[in-house]
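Trainee: Could you take me through one part of this protein slowly? I would like to look at its cavities.

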Amino acid sequence: MRIPNLISLFVFALMSYSLDVSAQTDTVKVFVGGEVFDGDANGERVAWATVRLRSAADSTQTYSTVTDQNGMFRLEDIIKGKYNMEVSCVGYETESRTVMVGNDTILPSFVLKESAHMLNEVLVNAKYTKMNHKGGYVVQVKGNPLAKVSSTENFLSTIRGISISDDIRVFGKQGVIIALNDRVISYKQLKEVPTSMIERIELEQQAPSEYVSGGVKPPLLRVVLRNEPGLLGSVGLSSWYCMDESWALTETANALLSLGKFSLLNNFSNTNGFWRDGIKQDVFYADHETHQKAESRQKLKRSLQNDLNMRYSFTPYDHIDVNASYSTHKESGKLLNTGDVALFNEHGHDSNYGNGVSVKMVKGLKKDGVSKVSVKGSYSESHFQEDRKYDAFSSGVQLMDIDNGRYNADISTILTYAIGRSHSLKAGVNYNRISELNSYKNLGGNTVEFMDDTDNRLSVAQTHGMVEYENTIAGKYYLKAEMNFDHYKLGYDDHLAGARIANVSNGLYGSVSGYIPFNQEKQRYLNMSAIYTFSYPNYGYYSPVVVYQNDKLYNKGNPDLDVEKLYIFELAYSANPHLSINYGFSHRTNFVSVFMHQDATDPTVYYTCPENAGHENVHSLVLSYRVNPFRIWTVNAMLVGEYRNTHTPNERFNAATAFLSVHSYARLTNNTGLKLRFEYKTPSKSVNVKKSGNYVLSLGAYASFCKNHLNMDLTGYKALCNKVVTTTSGDGWRMERRNRYSEFRIAYNLSWDFNFGKKINGRRVESVSTSAKERPTL
């Protein structure tokens, strides 16, 4: 009995071992990977597509993930077997297939076809929008169905928190820093970059120190170019025509090339046109005397601009960037005056050019992509020449020659070091020096008495230092504290008069900001910031040089200006992908405002001059709302309200203003659509200037052909609008100014996007930093 029992026990143990080995074999875990492509856009990869793997034997056994920005996915810990696989993405048809998973598997590529159904644009943008850990958000452009048939300007208009008009507002704020990769550009340059070259768009409530020095940091809109090797670009032709016979024609070309460690980006534009504008001016005095004047200005303009950016990457963390830029602008025209206070007509020729170069070197300190040291140096110069002929009505002709040269040198270094996964320190110093040479010479005649010879030099030297600490708490909450130091020195030398003026200022100021995410998937978060800072008036405001705008208006600076001190508190709350609310409070002391006064020797002549006016409290509220009333109709609206309480030595007043911007798109097909833009500004009041309310209605249509290579856009700007009346007041007088000519214009844009091989490597290349000079004029 014992032997059979032992045999039975041995057979049972052997069978149990075999079953266990078999079970272990069936539960071996492997990975499955692959790529997802767009079938209708030259093989572009589709980012953020949803990939699901469902077991054919057990439908409850599922795996899922999303593709990354390069359209690639990887599913880990998959049990071997037979699966049903689905790949889906907003704006595309779902693709399904059956796959057998044995060993580690790279599947054949998935190709998605564009959906024939109309898209809900709000849901699409929500799908392609992600929050970052600092409280900003990222909008994916590559693979986004809405970007295929839109210009960059139209695409930006669909993003919540952005308002497009003659300029751009982000979170209700103007003065937005726009960067192409890391190169600061203008809004005009941004509009010329096609969406086919863009990887993503990043928005931040406050621009980092790399882009702007000082305590007051406007929002940042950063456009990141694509990062695959090859050549990608576009050529474009745009024009506009105004009812007053003004017109312009612009040719653009953009190219982005990557060859291994080397990449190159070039942006070119050339504009020719004829501009006509003018104003009507009425001046009323306390004794009921009235003076009237009308101006009509005509100009022929030609401008050319080219930016070349190169990068060589030694390693993924070490690289050198070189930027070279060149621009030229020429114009000729005349200013015709009529009225009882007009003295002369003006004829002139202007010519200016500028060029610059910058070099930036970045050395990685660790392989975390955060710790690094960067050194950047740049130099730029611009020259402006102007020949003027003043044809006086009573006494003949006077010739004037105006020559202006501006030189800007800048060097900066920034050290960033990550401490663990949640802390980082940043320290940097920047030195900027500007020299400006101005010369006005009388070449003949003596009919215009106020045109005196001038020969002066204006120089500005600013040293800025900063220390910044960042902390990500529990991998979720974000805190940043920053301290800044400024040393500002301005000098003015009048070589003819022998006068010399110097102004020196120093200061220390700081800020703290935080970010609390409530639900990142639903884009629900709260941003907070508190800032104490001061700001310098534009260096042109200090110059005592008299510059005539016309025969009855000149401006001059004020070398005795003091810095403005500013206290800011801001809250930004996002409720969901549809709605966000921003509140801000600021208290300014010694704020600078431009005042208009009568000339002491001629009461018919006026001049503007900046002065430290007093103190001011400002409350602002911004509502951004985006909705789809119908499937084909998208509305992106922004309402900005502002309340000012202003105290000056001469008056105290309260003023409330509002600005409403509504962008509406009706998508007729997936490749064509209509657009409408409406804006309204309520009447506004500052220290000595009032402006009437203003409304603007613009209409347009867009279309895309040849697999989205050919894009066309037709827009009627200011199809309906009213003329703004600007009223400036002083002691015993009031001046009203308004435009004379129609502002309605028709604009046409045509572009062709091309690529050879695969897309390009978008590189972070800096540009030459410049600071435009401002005149203290209204």
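Trainee: How many cavities of 30 Å³ or more does the count come to?

Mentor: Happy to help! This is a predicted model, where local features need pLDDT of at least 70 and side-chain atom pairs pLDDT 80 or more, while totals for chains, interfaces and linings use all residues. Residues are numbered from 1 along each chain as its sequence is written, and side-chain values use heavy atoms, without hydrogens and water.

The count comes to eight cavities of 30 Å³ or more (sets of points on a 1 Å grid over the protein atoms alone where a 1.4 Å probe fits but cannot get out). Let's settle on the second largest, with a volume of about 110 Å³ (the space filled by probe spheres set on the points, joined across faces, edges and corners). Its lining has 14 residues (each with an atom within 4 Å of a point), and closest to the centre are Asn 154, His 663, Tyr 665, Lys 675 and Arg 677. Two or more lining residues come from each of α3 (152-156), β36 (652-667), β37 (672-681), β40 (694-705) and β41 (710-721); helices (H or I, at least four residues) and strands (E, at least two) are DSSP runs, numbered from the N terminus. By class, the lining of this cavity divides into five nonpolar, six polar and three charged residues. Here Ala, Val, Leu, Ile, Met, Phe, Trp, Tyr, Cys and Pro count as nonpolar, Asp, Glu, Lys and Arg as charged, and the others, Gly among them, as polar.

For a further look, an open sheet of six strands runs β9-β10-β15-β16-β13-β14 with mixed pairing (two strands pair if DSSP finds at least two bridges between them). β9 (129-131) and β14 (183-185) are at the edges with a single partner strand each, so one side of each has no neighbour in the sheet. β14 pairs with β13 (residues 177-180) in the antiparallel sense over three bridges, and Arg 183 in β14 is the bridge partner of Leu 180.

How values were computed: 1 Å grid on protein atoms, 1.4 Å probe; cavity = no way out; pocket = protein on both sides within 12 Å on 5 of 7 lines; lining within 4 Å.
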